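Please open the model in your viewer and keep the sequence panel beside it. The tour below suggests one selection after another and says what is to be found at each stop.

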Amino acid sequence: MTADDIASAVRYLLAGELVGLPTETVYGLAADARNPAAVQRIFTAKGRPADHPLIVHLAHPHGLRHWACQIPDITWKLTAFWPGPLTLILKKQDWVPALVTGGQETVGLRIPSHPVAHAVLREMTRLAPDAGIAAPSANRFGAVSPTTAQHVREELGCQVDLILDGGACEVGIESTILDLSRGEPVVLRPGPISPAQLALVLGQMPSVLTTADAPRVSGALESHYAPHTPMRLLVREQMRDYLNAAHQRGERCGVIAFSLPETAEKPHSWRQLPSTPDAYAQAIYATLRELDVMGLDVMVTEAVPDTPGWAAIADRLRRAAS
Ligand code: TXA
Ligand code: MG
């Protein structure tokens, strides 16, 4: 990645074109957030319903005041997590295009830490100080988020004008979304920054939204992050019987587990994932994609531990399986 690559990405963005952009969480499909025609192209490329708001990425916390209003004091303390995988929902400024916010009165803002995303944002705001980059995950609506440039090419290749290759995403799952527009902080999407980490700054545990009272957050749709192959979540003790019965029926399974197959388990396409949440998160979407293109009958994923450190991953797996 050279300064020329960054400069040409910024030229594309300022000209209203779409750029595939690496962030530390997942790859984004980026457009100039001030340009409604460019933002419209995001919705078209993704096949995303118009009422699903986008996250606007900024270069610096100074930018908050340009995009948001009625900013609660706690916001400035929470910027300690920036640059990083935390999105804050705030009341939007009147001028912010309704297209960006899905018609809502709030806007999602985040400063990504990936050096490439950060360089593009810095260069863009050097040329256009109030700029922001609207970027949802660079996948077709409802599909698994991309964590490599190749994933973006496979999903949206012909609809993206330029893809910056910043290697595999370090975090691997989407940012935590914290809503600060409701008077009381609420986690709308669990993610890499846990409620306990937020509590250190907030002084209390934030409430975590359950899907029953979910707003228009596309990540809150039950069937989000879904591979095409049907997926089942099983605890390890259920897996052997399930897999052997599937084998008997002539079904081919993709398996994602913490351990290797036991000798009593019939052969299937097996992927062993790490047993720490950070390393698991980094690998899970790429693994789902890899198994998803094998034409398997079903993907069997071992349930992850029911502990706070695994909550964001458990959330994504549950949605992938629903
Ligand atoms: O890690 C991430 O957040 C990645 C990278 C590219 O930054 N982006 C991402 O974008 O995951 P997307 O569009 O796939 O998911 C953004 C989520 C959606 O569920 C959207 O509904 C929610 O953020 N969101 C955005 N603005 C919102 C708002 N004003 N109120 C409530 N939810 C909002
Ligand atoms: Mg997404």
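Is Ala-131 buried or exposed? Bear in mind while you look that this is a predicted model. Select Ala-131 in the loop between helix H6 (115–127) and strand S6 (133–134); with a relative accessible area of 5%, Ala-131 is buried. Add His-60 to the selection and draw the C-alpha to C-alpha distance, which comes to 11 Å in space for two residues that are 71 apart in sequence.

**The ligand and its shell**

Now select ligand 1 and display the residues around it, of which there are 26, the closest being Thr-25, His-57, Ser-137, Ser-175 and Arg-189. Coloured by residue class, this shell divides into 11 nonpolar, 10 polar and 5 charged residues.

Turn next to individual atom pairs, beginning with Thr-25, where a polar side-chain atom lies 2.7 Å from an oxygen atom of ligand 1. For Ser-137 the corresponding distance from a polar side-chain atom to an oxygen atom of the ligand is 2.8 Å, and for Arg-110 it is 3.0 Å. If you draw the surface of ligand 1 on its own, its accessible area is 680 Å², and the protein covers 98% of this.

With the ligand still displayed, switch to a cartoon and pick out strand S3 (55–57), strand S5 (106–110) and strand S9 (186–189), each of which supplies at least two residues of the shell around ligand 1. Which element gives the most to this shell? It is S5, with 4 residues.

**Aromatic rings**

Leave the ligand and show the aromatic side chains, among which the structure holds 5 aromatic pairs. Centre the view on Tyr-280 and Trp-310, whose rings form an edge-to-face pair with 5.2 Å from centre to centre and 80° between the planes. The arrangement counts as edge-to-face because the angle between the planes is over 60 degrees.

Tracing the chain from one ring to the other shows that this pair links distant parts of it, since Tyr-280 belongs to helix H10 (residues 277–292) while Trp-310 is in the loop between strand S14 (298–302) and helix H11 (311–321), 30 residues apart. Tyr-280 counts as buried at 1% relative accessibility, and Trp-310 is buried as well, with a relative accessible area of 6%. Add Phe-258 to the selection to complete a cluster, in which ring pairs link Phe-258, Tyr-280 and Trp-310.

A contact of another kind appears on selecting Arg-316 together with Tyr-225, where the charged end of the arginine sits over the tyrosine ring, 5.3 Å from its centre.

**Backbone geometry**

For the next two stops, show the backbone atoms. Most residues other than glycine have a negative phi, and most peptide bonds are trans.

Select Trp-82 and Pro-83 and inspect the peptide bond from the first to the second, which is cis, with omega near -10°. Pro-83 is found in the loop between helix H4 (74–78) and strand S4 (86–91).

Then move to Gln-70, in the loop between helix H3 (64–67) and H4. Its phi is near 45°, a positive value in a residue other than glycine, and at 63% relative accessibility Gln-70 counts as exposed.

**Three further selections**

Select Glu-155 in helix H7 (residues 149–156), and with it Arg-289. What does the side chain of Glu-155 make with the side chain of Arg-289? The two side chains make a polar contact at 3.3 Å. Glu-155 counts as buried at 19% relative accessibility, because the cut-off for buried is under 20%.

Continue to Met-231 in strand S11 (residues 231–234), which counts as buried at 7% relative accessibility. Its C-alpha atom is separated by 9.0 Å from that of Gly-254, although the two residues are 23 apart along the chain.

End the tour at Asp-94, in the loop between S4 and helix H5 (98–101). Asp-94 is exposed, with a relative accessible area of 73%, and a distance drawn between the C-alpha atoms of Asp-94 and Cys-69, 25 residues apart along the chain, reads 8.8 Å.

Notes:
Residues are numbered from 1 along each chain as its sequence is written. Chains are lettered from A and ligands numbered from 1 in the order in which they are written. This is a predicted model: local features need pLDDT of at least 70, side-chain atom pairs count only at pLDDT 80 or more; totals for chains, interfaces and linings use all residues. Side-chain values use heavy atoms; hydrogens and water are left out. Rings of Phe, Tyr and Trp (its six-membered ring) pair if their centres lie within 6.5 Å; planes under 30 degrees apart count as stacked, over 60 as edge-to-face and the rest as tilted. Buried means under 20% relative accessible area, exposed over 50%, partly exposed in between (1.4 Å probe, protein chains only). A charge sits over a ring if NZ of Lys or CZ of Arg is within 6 Å of the ring centre and within 35 degrees of the ring normal. A residue is near a molecule or strand if one of its heavy atoms lies within 4 Å of it. A polar contact is a pair of N or O atoms within 3.5 Å; within protein, one must be able to donate a hydrogen and the other to accept it, and residues adjacent in sequence count only if both atoms are side-chain atoms. Accessible areas come from the Shrake-Rupley method with a 1.4 Å probe; for residues, only the protein chains shown count as cover. Ala, Val, Leu, Ile, Met, Phe, Trp, Tyr, Cys and Pro count as nonpolar, Asp, Glu, Lys and Arg as charged, and the others, Gly among them, as polar.
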